[in-house]
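This report walks through selected local features of one structure for a reader who has not seen it before. The sequence and the model come next.

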Amino acid sequence: MLDLNFDLSHHKILPTLAVESLTGCAGELLVILENVDKLLPYMVVKRFPFAQSSNDNGFCDIALVEGSVSQKHDIEKLIQLRANCRWLVAVGNCALYGCVQKCNNANIKALDEKVYGSFQNTEALPSKPIEAYVKVDVKLSGCPINATQLLSTIASLLKDNFPNITHKPVCLECKLKENPCILIENNEPCLGPITAAGCGALCPSFASPCYGCWGPCEGARVDAMANILTKKGYDLEEILSRINTFGQNIKIV
Ligand code: SF4
Ligand code: SF4
């Protein structure tokens, strides 16, 4: 249960928060924006360019970073932020895996030509997770992230505790909800067995197959998953495309 009752007596001033975005759709920013009022009694928001016009680049206690690195200025922003925060929390699958803009590891030049008709040299870099450039203290997956998990992570860090984030499969949450299994019963291509829980088994709860938006679970048996789905008549290339949509680079030999 979320505990936001802090004893902040050891802080002379309130702890500080920065929220920064690299390349992404701003989905995590919206989740943070919708919940930032719950943090305001306990923290000062020093930087949140998406939501406020006055921003401070100085040191902060917690930096939340969404988006992947796909431009040179993303790298510069990220390195500056890392140097100026105590805890850096990567929020969302773009920050963790490179996500959809990684385009299943497509060639940047080919993408540039496809989008603009001819090569325009947009100087885009291959989309990479932020951990490729800086140390990350906490990783919150999701597309978008779960608000309760975000708030409990911040609550833990404010108490100088490291958050306990598990990556059990979606099937666990699905079974706790007593949903019928649409993979077994309806032959739907549900990726719940290899996807990290946290969303509350949202899609299978509405009889839609999980498409893996929370990234891989602990010890994901992708080969076994692919085996099951090919036996059910799904094409291996299509399965891998689904699994890799959110930035994985899984190959099955
Ligand atoms: S429906 Fe999907 S998430 Fe639910 S138990 Fe079956 S495979 Fe797992
Ligand atoms: S069930 Fe799967 S695809 Fe749906 S929200 Fe959860 S992790 Fe994402």
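Thr195 counts as buried because its relative accessibility is 3%, where buried means under 20% relative accessible area, exposed over 50% and partly exposed in between (1.4 Å probe, protein chains only). Thr195 sits in the loop between helix H7 (182-185) and helix H8 (202-205); helices (H or I, at least four residues) and strands (E, at least two) are DSSP runs, numbered from the N terminus. Leaving aside residues up to four places away in sequence, Thr195 touches Lys168, Pro169, Val170, Cys210, Gly212, Cys213, Trp214, Gly215, Pro216 and Cys217, a contact being heavy atoms within 4.5 Å.

This is a predicted model, in which local features need pLDDT of at least 70, side-chain atom pairs count only at pLDDT 80 or more, and totals for chains, interfaces and linings use all residues. Residues are numbered from 1 along each chain as its sequence is written, and side-chain values use heavy atoms, with hydrogens and water left out.

Helix H2 covers residues 72-83, and its 12 residues at 1.5 Å a residue should span 16 Å; the end C-alpha atoms are 17 Å apart, which agrees. The expected span is 1.5 Å times one less than the number of residues. Which residues of H2 are buried? They are Asp74, Ile75, Leu78, Leu81 and Arg82. Seen down the axis of H2, these buried residues fall within an arc of 135°, so they line one face of the helix; the arc is that of the directions from the helix axis to the C-beta atoms. Lys72, Glu76 and Ala83, on the other side of H2, are exposed. The cover over the buried residues of H2 includes strand E1 (16-21), strand E3 (60-66) and strand E4 (85-91).

Two residues other than glycine have a positive phi, as the table shows.

| Residue | Phi | Place | Relative accessibility |
|---|---|---|---|
| Ala26 | about 75° | loop between E1 and H1 | 16%, buried |
| Asp160 | near 60° | loop between H5 and helix H6 (170-176) | 45%, partly exposed |

A cis peptide bond, with omega about 10°, joins Cys143 and Pro144. Pro144 lies in the loop between strand E5 (138-140) and helix H5 (147-158).

Leu30 belongs to helix H1 (residues 27-35) and counts as partly exposed at 43% relative accessibility.

Key
Chains lettered and ligands numbered in written order.
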